[in-house]
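User: Please take a close look at one chain of this complex, following it from its overall build down to one of its elements and its unusual backbone spots. I would also like to know how it compares in outline with its partner.
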Amino acid sequence: MRLTLASVSMITALLTSATAGRAADYAIDPTHSHILFTIEHLGFAKIVGLFTDFNGNISFDANNVPGSKLNVTIKTDSLQTQFAPRDKDLKGADWFNVTEFPEMSFVGTDFVKKDDHTGTITGKLTLHGVTKPVTLNVVVNKVGQNPLDKIDSAGFSARGTLKRSDFGMKTYLGAIGDDIDLIIEIEAKKKS
Amino acid sequence: MLENPIILAALISFVLGLVLSGLARVVPGSTIASAVLPIIFLASYVLTYQQVPDFPPIGATNKIFYIALAAALVGFALDLLPRTANYRKLLAAIMPLLIVGWIGFPRFAKLDIELTATALGLWLGGTALLWRLDTVATTSAERNGASIVGTAVLMALMLAFAPVALLGGSSTSLMLCMAAVAGLAAVALWELILPRGAFGASAVFGVGCGLLAMIDTVTLITRQVDLLALALLLLIPYAGEIGARLLMPPKRFRGRVRQVLVGTLAALPILLVIAVLFLRHPESLS
């Protein structure tokens, strides 16, 4: 009997350990997530734009960050800059070309943990039909149960910069900045 | 003023037109002089988009460059060959169809009545434009002044399309048009001073197909174009000749003066295009 109890206890411990080491899968909650960008306009100010339609999945384990996974898909037609004529221009063939490239995507490939709350994600960004690596600096804000809906959630803030010319988007370079700063705030809910 | 990229591109294109068109006059015949026009268009593209796009091109705006280049090469070959009139007319019908097909390809998976009608209109309209430009280039009555009249018609077409493109959500098309117009103006200037008949098939197809590719891109890909204003562009290749016949006694105005007047009258529909845009989009132009 003692042997049996010991066996059960050992198996339970092993299972618990295995569960703790397994990454949790999350789906991005679009109602509490934001993907914004800023771009310099004639050197005077930075125009802010955002995408309102996107989705994605995250697989994250705080104890095994390099094993994480991330993929995000953004509908380019959801672009907004608070000025309709500019939105029309930006969605056109000269810029995001939403007819030919209705989606842009980011797939994380390299996850590096700096400390308990920060790290970097390098991934492949596909924009305008061109795929290039982009690195994001990430802060893990909180991982835990959402007190309102009782669903396990994770929150991240990410910042990064890319050059639009790398993706063949060279319209009005010089007048309009080449560097695009990314501001990403993500809240993701654990999949049941 | 030179901080404005449109003005800077137009200035560079004008200087390029002066230099290339001047150098082309060292070479006998009109074939090289005619090829300067599509070179100006391609240079205007590079000035506007700041790149020679990769091949194969990704996206409609990159296709514009290769459409203009391929059409210019075909035109250049036609200029070197004898008796090509039938081939030119055939190509004037086929090339617009190929351009509509290649530019509009991403949308043709979901073909509906509106898209079919638009694509058909672009094909037939493009054919009418190229057909008329080729007639200007080859008809004996026009031959001596083809370079001035033809170049003026191309300039008028681009000047008319520029505001249509701007309202259609393509400010770069406006920039490309303005740069090309400035370069073509330099060619027209040379033709006035030292005529060389620089309006062969390379000019008709190179610049004409480049313009059609821009029109198809704004219409089929950006999808914001005012189709009525766009349709009025069809008046431009005919306005000069019809206007000249109605307004000017043939015996009173001849030679260079008549050519300049025909070329100037070709620009009249631009006013109509702008008026239509003002009436239909007052909020955008106020």
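Analyst: What follows goes through chain B from the whole to the detail, and then turns to chain A.

This is a predicted model, in which local features need pLDDT of at least 70 and side-chain atom pairs count only at pLDDT 80 or more, while totals for chains, interfaces and linings use all residues. Residues are numbered from 1 along each chain as its sequence is written, and chains are lettered from A and ligands numbered from 1 in the order in which they are written.

Chain B holds 14 helices and zero strands, where helices are DSSP runs of H or I with at least four residues and strands are runs of E with at least two, both numbered from the N terminus. Read from the N terminus on, the order of its elements is α-α-α-α-α-α-α-α-α-α-α-α-α-α. Chain B is as compact as a globular protein of its length, because its radius of gyration is 18 Å, close to the 19 Å that the globule rule gives for 286 residues; the radius is taken over C-alpha atoms, and the rule is 2.2 Å times the number of residues to the power 0.38. Along its principal axes, the C-alpha trace of chain B spans about 50 × 45 × 40 Å.

Of the 286 residues in chain B, 56% are buried, a label for 20 or more other C-beta atoms within 10 Å of a residue's own, with 12 or fewer counting as exposed, anything in between as partly exposed, and C-beta atoms placed from the backbone. Among the contacts in chain B with a separation of 6 or more, 80% link residues 24 or more positions apart; a contact is a pair of residues whose C-beta atoms, placed from the backbone, lie within 7 Å.

Within chain B, helix α4 covers residues 85-104 and rewards a closer look. Its 20 residues, at 1.5 Å a residue, should span 28 Å, and the separation of 29 Å between its end C-alpha atoms agrees with this; the expected span is 1.5 Å times one less than the number of residues. There is nevertheless a kink of about 25° in α4(B), centred on Leu91(B), the bend being the angle between axes fitted to the seven residues ending at a position and the seven starting there. Leu91(B) is also one of the buried residues of α4(B), alongside Arg88(B), Ala92(B), Met95(B), Pro96(B), Ile99(B), Val100(B), Ile103(B) and Gly104(B). The cover over these buried residues includes α3 (60-80), α5 (113-138) and α9 (201-222) of chain B.

Another helix of chain B, α8, takes in residues 171-193, and its end C-alpha atoms are 34 Å apart, in agreement with the 33 Å that its 23 residues should span at 1.5 Å a residue. Since 19 of the 23 residues of α8(B) are buried, this helix is largely enclosed by the rest of the structure.

Two loops of chain B carry backbone features of a less common kind. Most residues other than glycine have a negative phi, and most peptide bonds are trans. Phe55(B) and Pro56(B), however, are joined by a cis peptide bond, with omega about 0°, and Pro56(B) lies in the loop between α2 (31-49) and α3 of chain B. Arg223(B), a residue other than glycine, has a positive phi near 65°; its place is the loop between α9 and α10 (227-231) of chain B. With 18 C-beta neighbours inside 10 Å, Arg223(B) counts as partly exposed.

Turning to the partner, chain A has two helices and eleven strands, which follow one another along the sequence as α-β-β-β-β-β-β-α-β-β-β-β-β. Buried residues make up 27% of the 192 residues of chain A, and 54% of its contacts with a separation of 6 or more are between residues 24 or more positions apart. A positive phi near 65° is also found at His128(A), again in a residue other than glycine. His128(A) sits in the loop between β8 and β9 (130-145) of chain A and is buried, with 20 other C-beta atoms within 10 Å.

Where the chains meet, the contact takes 20 residues from chain B and 18 residues from chain A. The side of chain A that touches chain B divides into five nonpolar, eight polar and five charged residues, where Ala, Val, Leu, Ile, Met, Phe, Trp, Tyr, Cys and Pro count as nonpolar, Asp, Glu, Lys and Arg as charged, and the others, Gly among them, as polar.

Methods:
Contact = placed C-beta atoms within 7 Å.
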